[in-house]
Amino acid sequence: MEDLPVSTQNIYTLLTPLALFFIVVEVGLCFYYKKTLITFAEAISNFGTALGNQTVNVLVAAGVYVLYGYLWENFRLIDNIPMNVPNFLLLLLGIDFIFYWVHRWGHEINILWAAHSPHHSAQEMNFFVALRASVTQRLFSFFFFWPLTIIGFRPFDIYMMTGIHLFISFLHHTELIPKLWRWVEFIFTTPSHHRVHHGVNFKYLDKNYGEFLIIWDRLFGSFEEETDKVIYGMYGQAQTWNPIVINFHYYSILWKDAVAASNWWDKIKIWFMPLGWRPANLPPKPPLQEITLQNQHRISTVAFPHAKVYLILSAIFGIVLMMLIINPASDWTTLQKMIGSGLLWHLIINWSGILESKRWLLMSEITRILLTVPVLILFTNLMDKPVWMAISIVYHFYCMIWTARFFRSKS
C-alpha cells in the first residue's frame, strides 16, 4: 500500500454502502418480526446527523495527513511498518486501547462529554443510532492517536484503521442480537455490552467503554453485565431533532456557566472539570433522578403532513450529495465541497423543521431548493448529462410543489 494522501482515499466512501446494507437488513427484520425498535423521526434525525458528520471527516482527514504526517516524517521510531496481518492487528489493538481511554474521558470531562454526548442523546438502540455521531468528537479523538505515528504507523493507515474501528462499533448498536457465546462476551465488545453503555439506568452509567475488546473494561473496573431492561438516552438532553442543537447542546450549557462564573479561572476551568462541577458562585446541580420506563420523557413532535415519503426521498438525495463531497473520485474542488457541505447542512436542518412543523421551514426549504439546483448543474456539469439533468430538475420541482402544498405552518 502506497503512502497516498488521505485526501485521495477516504475509507468512509467504502464503509458507507456496508452501513446502509446493515440498516436495510435491520429495518427489514424489524418489519418482518413486527418489532418497534425504530421510530421514523429519530431514525431520520440520526441519519441526517451522520450525513453532516461526514463533511467534518473530510477536514479531519486533511488535518491528520498534515499533522500526523509531520510527526511521522520527523519522529518515528520504526522506519517501515507494512500493513500485513500482524501489523494490522497491532494497529487495531493500539487504536482500541487509546480509544478506550478517550471514550472513558469523554464521560468524565466536561468538554469531552460535550463532544461525545450527542451520540448518547438517542433514545433507542439500532443501527441508525450508530450514525448519530458528533461533529466534534472525531476532531477531539485525533488529538490522542498521535503516539501511533511516533511508533511508526503511517498517517493514512491510522486514519484507515480508525474508520474500520468505527465500523466495528457500528455493529454493536442493535437490540436484535442477544447475548452471544460466553467466550465471545468475555473477550469482545458485543451488542449486549454496548446496550449497557447507552443505558441511563444508574447501574449502567459510565460502563463498557470498549469498542472492539471488552477486556479493557474488565481490567480497569468499568465493566457491567446486561441484566435489567436498558433505558436509552441521557440526562438533560435537548428535546429536538435539530442537528445543530443536538451537536452543541452541552457546549451551550457549559458556555452559559462559564459566562456566569465570577472568577476568570473558573471560566476556563469548567471546560476541563468532571461532569457536574460548577463555578463557585453558582448553585450546585441538583442530584439526578433516575430515568425509568415510567418517567422517561421521550422526544415527541408533530411533523408536517405527508412528510415521510418526502423525507425518505430527501435522505436518498442527501446520500448522493454526501458522496459528491467525500468521494475521492469526485471532480468537485475544495471550494465546491465546502459549498456542498453548506447545502447538506441546510438540508438536514430543514428535516428537523419538517419533523417539528416549524414556521421557518417553508421559506427555508424553498430557498434550499433554489440554491441547490444551480449548484448541481454547475458543479457536476449536468448540461452534458441530459438524463441526470432531467432527474435533478424533476426531483427538485417535486420538492418545490410538495413544500408549497404541505409544509405551511398553521400556528
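**Close-up views of a predicted model**

**View 1. Surroundings of L148 in the nonpolar core.** In this predicted model, L148 is in contact with L91, G94, I95, I98, F153 and I158, when its neighbours within four places in sequence are left aside. L148 is also listed, together with F145, Y159, F170, W351, I354 and F407, among the residues that touch the most other members of the largest nonpolar core, a set of 78 residues. The element that gives the most to this core is helix α2, spanning residues 40–75, which supplies 10 residues. A second core, separate from the one around L148, holds 13 residues, including M234, Y251, L254 and A258.

**View 2. Packing of helices α14 and α15.** Two packed helices are described by the angle between their axes and the distance between the axes. For helix α14 (residues 307–326) and helix α15 (residues 334–355), the angle is about 165° and the axes lie 10 Å apart. Because this angle is over 145 degrees, α14 counts as roughly antiparallel to α15. The crossing in which α14 passes α15 is left-handed. On the α14 side the contact is made by A307, Y310, L311, S314, A315, F317, G318, L321, M322, L324 and I325, and on the α15 side by K337, G340, S341, L343, L344, L347, W351, I354 and L355. Of these α15 residues, W351 and I354 reappear among the residues that touch the most other members of the largest nonpolar core.

**View 3. I168 in helix α8.** Helix α8, which covers residues 155–170, contains I168. Once its neighbours within four places in sequence are set aside, I168 is in contact with L92, E211 and F212. Between I168 and M234, which are 66 residues apart along the chain, the C-alpha separation is 23 Å.

**View 4. Backbone at N208 and H306.** Most residues other than glycine have a negative phi. N208, although not a glycine, has a positive phi of about 55°, and it is found in the loop between α10 (191–197) and α11 (215–220). With a relative accessibility of 1%, N208 counts as buried, because the cut-off for that class is under 20%. H306, likewise not a glycine, has a positive phi of about 60°, and its place is the loop between α13 (264–269) and α14.

**View 5. The annotated segment, residues 88–222.** An unreviewed UniProt entry lists residues 88–222 under "domain: Fatty acid hydroxylase". Over this segment the chain is 59% helix and 0% strand, while the C-alpha atoms at its two ends are 27 Å apart.

Terms used:
Residues are numbered from 1 along each chain as its sequence is written. This is a predicted model: local features need pLDDT of at least 70, side-chain atom pairs count only at pLDDT 80 or more; totals for chains, interfaces and linings use all residues. Side-chain values use heavy atoms; hydrogens and water are left out. UniProt positions are given in the numbering used here, feature names are shortened, and annotations may be inferred rather than shown by experiment. Helices (H or I, at least four residues) and strands (E, at least two) are DSSP runs, numbered from the N terminus. A nonpolar core is a set of buried Ala, Val, Leu, Ile, Met, Phe, Trp, Tyr and Cys residues joined through side-chain atoms within 4.5 Å. Buried means under 20% relative accessible area, exposed over 50%, partly exposed in between (1.4 Å probe, protein chains only). Contact means heavy atoms within 4.5 Å. Axes are lines fitted to C-alpha atoms, for helices over the stretch in contact, and angles run from 0 to 180 degrees between N-to-C directions. Angles under 35 degrees count as roughly parallel, over 145 as roughly antiparallel, 65 to 115 as roughly perpendicular and the rest as oblique. A crossing is left-handed if the near helix is turned anticlockwise from the far one by less than a right angle, and right-handed if clockwise.
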